[in-house]
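Q: Please take a close look at the pockets and at what lines them. I would like one connected account, with each term explained as it comes up.

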Amino acid sequence: FKGAVSALSFSPSGRHFAVGVGRHIEVWHTPSTPESSNDGELDFAPFVRHRVYTGHYGVVQGIEWSSDSRFFLSAAKDLTSRIWSLDPEDSFIPTVLAGHRAGVCGAWFSKSQETIYTVSTDGALFQWAYIRDPNAPEPAEDEDMEDVDENSITRWRIVKRHYFMQSNAKVNCVAYHPESNIIVAGFSNGIFGLYEMPDFNMIHSLSISQNDIDFVTIN
C-alpha cells in the first residue's frame with residue numbers, strides 16, 4: 001500500500017475492502033475465490049484498486065460500511081468523520097461531519113441507516129440524523145414544493161451529544177453492534193464500558209487492566 005495501514009474494513013457484500021493509508025482511503029476489489037467467481041476458477045490476478053478517496057487532513061482511524069455496501073464512513077484525526085459513496089451516485093456529494101474537538105476514532109451507521117454515531121478520543125459521542133435546518137423557513141401554503149430546494153436545507157446534523165465520564169481517561173477504541181444497538185468503549189485507564197443506544201444507558205463497566213485498552217470488537 002506504499003504507506004502504513006491505519007484502518008481496514010471489508011464491505012458486507014464481500015466484494016470490496018477499504019483501507020486507510022495515512023490521510024487517504026483506497027478501495028480495492030476483493031480477490032475472487034472459486035466460490036465467488038463465475039467460472040469456478042481461482043483468480044491469481046494481482047489486487048485491483050477500485051478508487052482512491054481524498055479529503056481528510058489527518059490519519060484515517062476507522063472505516064465502516066453501510067449494510068448495502070453502497071456507502072462507507074471514515075473517522076480521522078482531523079476532528080471529522082466523512083460519508084463516501086463506493087461509486088458516484090446522483091445527487092450524492094461526499095459529506096463532512098464536523099463538530100468534535102478531538103480526533104474521531106469511530107463512526108457507524110445504525111441498523112436503519114437513519115442515524116450515524118461518531119465518537120472522539122476526548123469521550124464525546126454524537127448522534128446524527130438527516131434532517132431539515134430547524135431555522136429554515138417553512139414553505140408557504142401556495143408555494144410549489146418543487147420550487148423549494150430541500151437538498152440545500154436538509155443535511156446530516158447533530159441531534160444529541162453524549163459524553164463518556166471517565167475523568168481524564170481517553171477513549172482508545174470503540175465498537176458498535178447495529179443489531180443490538182450496543183456500543184463498547186475501551187479507555188486509556190484500563191476500563192471498558194457497554195452502552196445501549198440511542199439513550200446512552202450504561203449497561204456495564206469493568207476495569208480489566210492498569211494499562212490502555214487497545215482494541216475491542218463484538219461478534
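A: In what follows, Ala, Val, Leu, Ile, Met, Phe, Trp, Tyr, Cys and Pro count as nonpolar, Asp, Glu, Lys and Arg as charged, and the others, Gly among them, as polar. The model is predicted, with local features requiring pLDDT of at least 70 and side-chain atom pairs pLDDT 80 or more, while totals for chains, interfaces and linings use all residues. Residues are numbered from 1 along each chain as its sequence is written, and side-chain values use heavy atoms, without hydrogens or water.

The second largest pocket (an open set of points on a 1 Å grid over the protein atoms alone where a 1.4 Å probe fits, with protein on both sides within 12 Å along at least five of seven lines) holds about 540 Å³ of space, a volume being the space filled by probe spheres set on the points. Its lining (residues with an atom within 4 Å of a point) comprises 18 residues, and those nearest the centre of this pocket are Phe 92, Ile 93, Thr 95, Tyr 130 and Trp 156. By class, this lining divides into 8 nonpolar, 6 polar and 4 charged residues. Among the strands (DSSP runs of E, at least two residues, numbered from the N terminus), β8 (95–98) and β12 (154–163) each supply at least two residues of this lining, and β12 gives the most, with 3 residues.

The largest pocket has a volume of about 880 Å³, and of the 36 residues that line the largest pocket, Ile 63, Glu 64, Trp 108, Ala 175 and Tyr 176 are the closest to its centre. The lining of the largest pocket counts 19 nonpolar, 13 polar and 4 charged residues. At least two lining residues come from each of β1 (5–10), β5 (60–65), β9 (104–109) and β13, with β13 providing the largest share, 7 residues.

That strand also leads on to a sheet. In the order β13-β14-β15-β16, 4 strands form an open sheet with antiparallel pairing, where two strands pair if DSSP finds at least two bridges between them. β13 (171–177) and β16 (201–207) stand at the edges of this sheet with a single partner strand each, so one side of each has no neighbour in the sheet. Between them in the stated order, β14 (residues 182–187) and β15 (residues 191–196) are joined by 5 bridges in the antiparallel sense, and Ala 185 stands opposite Gly 193 in β15.
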